[in-house]
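The exercises below are meant to be worked with the sequence and the coordinates open side by side. Each task is followed by a solution that proceeds step by step.

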Amino acid sequence: MSALFAAYTIVACAITGYILRLHVVDRELRRRAAALATTHASAMRVSSDLRSAA
Amino acid sequence: MDTCTASFHRRSISDVMCALLVAAMFVAIFWLAPEEQTMGEVQRIMYVHIAVAWCGLLGSLITAGAGLLYLLRRNIVCDQWAQAAAEWGWLCCGLTLVTGSLWAREAWGVWWTWEPRLTSMFILWTIQCGYLLVRANLDDPHRRARVAAVVAILGALDVPLVVMATRWFRGMHPEAPTMEPTMRAVLALSVIGFSLVSAGLVTRRRGQLGRQHQLGLADPAHSY
């Protein structure tokens, strides 16, 4: 009985861990994409300011 | 409804369906399947052991297939599929070894024996470890994909050996034990359920790798 419990617990923990890792990577990718978009937007603003100043 | 919201809804529906399927599998394994007379309760390990072994072998074959496609077409999407399948295959092969070891302790009285099926599965798992190490240590995406594809194809050569080990060599591992129809049905449900959950998770991971490539970012998974 303890072997059965151990086997199913280990499988459940491993799969839960994999799913949690997917969530964490998803969140990190979203954060990095948002940071890239912000950098791009400010670069565009600076470029437009420079063009109007010239 | 925009594309992002539609994709989120699709993913939520597939998550709920996967959860329901896993719940049905557990009900079938612990309540529907009859108790085996010789080994008793511990025999129920078989339902998860065979399912994860199947997913591990399939993961290895998909990795090799996607690697071969990459070598033929030089399309990085094939390499992303290979990586996603390899990560999941590695986890499933590891779980096969662990659940098999727990079952062997009860059935044979030993945690491990260098028996043909166990040894060939262990070799496959070490090849998968090597595959992931190769990927983690090469920076150029196309060089990484090329080297990894060769490792994956070499690794897949071990899959027929794992499958046929009980027929080709003499060992302790049972070949194809006779089972009651209910046991067979529960085993089929378990294998199908695990395969669908695996397909969902591998597809999701491939999506992450695709997004990461589009953004030109390093794999955030390497940071964890």
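**Exercise 1.** Is B:Arg44 buried or exposed? Identify also the salt bridge in which its side chain takes part.

*Solution.* The model is a predicted one, and the values that follow are computed from it. B:Arg44 has a relative accessible area of 6%, and because the cut-off for the buried class is under 20%, B:Arg44 is buried. The side chain of B:Arg44 meets that of B:Glu41 in a salt bridge, with 3.4 Å from N to O. The partner falls into another class, since B:Glu41, with a relative accessible area of 26%, is partly exposed.

**Exercise 2.** Describe the interface of chain B and chain A, starting from its extent and ending with its composition.

*Solution.* Begin with the contacts: 33 residues of chain B touch 23 residues of chain A. The size of an interface is often given as the accessible area lost when the parts come together. Here the two chains bury about 2,700 Å² between them, of which 74% lies on carbon and sulfur atoms. Turning to specific interactions, the search finds two salt bridges across the interface, along with three residue pairs in polar contact, both residues being at pLDDT 80 or more. On the side of chain B that touches chain A, at least two residues each are supplied by helix H1 (3–32), helix H2 (45–73), H3 and helix H7 (181–215) of chain B. The largest share, nine residues, comes from H3(B). Sorted by class, this side of chain B has 21 nonpolar, four polar and eight charged residues.

**Exercise 3.** Which residues are joined into one network by salt bridges that share partners?

*Solution.* Start from B:Glu87, which forms a salt bridge with A:Arg21 whose closest N and O atoms are 3.6 Å apart. B:Glu87 also forms a salt bridge with B:Arg205, and there the closest N and O atoms are 2.7 Å apart. This second pair links distant parts of the chain, as B:Glu87 lies in helix H3 and B:Arg205 in helix H7 of chain B, 118 residues apart. B:Glu87 is buried at 10% relative accessibility, and B:Arg205 is buried at 0%. Salt bridges with shared partners thus join A:Arg21, B:Glu87 and B:Arg205 into one network.

**Exercise 4.** How far apart in sequence are A:Arg32 and A:Glu28, and in which helix do they lie?

*Solution.* Both residues lie in helix H1 (residues 2–53) of chain A, four residues apart, which is about one turn of the helix. They form a salt bridge in which the closest N and O atoms are 3.0 Å apart. A:Arg32 is partly exposed with a relative accessible area of 21%, whereas A:Glu28, at 14%, is buried. Over all chains, the search finds seven salt bridges.

**Exercise 5.** Why does B:Cys92 form no bond with the closest cysteine sulfur?

*Solution.* The closest cysteine sulfur to that of B:Cys92 belongs to B:Cys55, and because the distance is 4.8 Å, the pair is too far apart for a bond; the cut-off for a disulfide is 2.5 Å. B:Cys92 is buried, with 1% relative accessibility. B:Cys93 is likewise in no disulfide, the nearest cysteine sulfur, that of B:Cys92, being 7.3 Å away. B:Cys93 is buried as well, its relative accessible area being 0%. By this rule the count over all chains is zero disulfides.

Note on methods
Residues are numbered from 1 along each chain as its sequence is written. Chains are lettered from A and ligands numbered from 1 in the order in which they are written. This is a predicted model: local features need pLDDT of at least 70, side-chain atom pairs count only at pLDDT 80 or more; totals for chains, interfaces and linings use all residues. Side-chain values use heavy atoms; hydrogens and water are left out. Contact means heavy atoms within 4.5 Å. Buried area is the accessible area (1.4 Å probe) that two parts lose on being put together, summed over both. A salt bridge is a side-chain nitrogen of Lys or Arg within 4 Å of a carboxyl oxygen of Asp or Glu. A polar contact is a pair of N or O atoms within 3.5 Å; within protein, one must be able to donate a hydrogen and the other to accept it, and residues adjacent in sequence count only if both atoms are side-chain atoms. Ala, Val, Leu, Ile, Met, Phe, Trp, Tyr, Cys and Pro count as nonpolar, Asp, Glu, Lys and Arg as charged, and the others, Gly among them, as polar. Buried means under 20% relative accessible area, exposed over 50%, partly exposed in between (1.4 Å probe, protein chains only).
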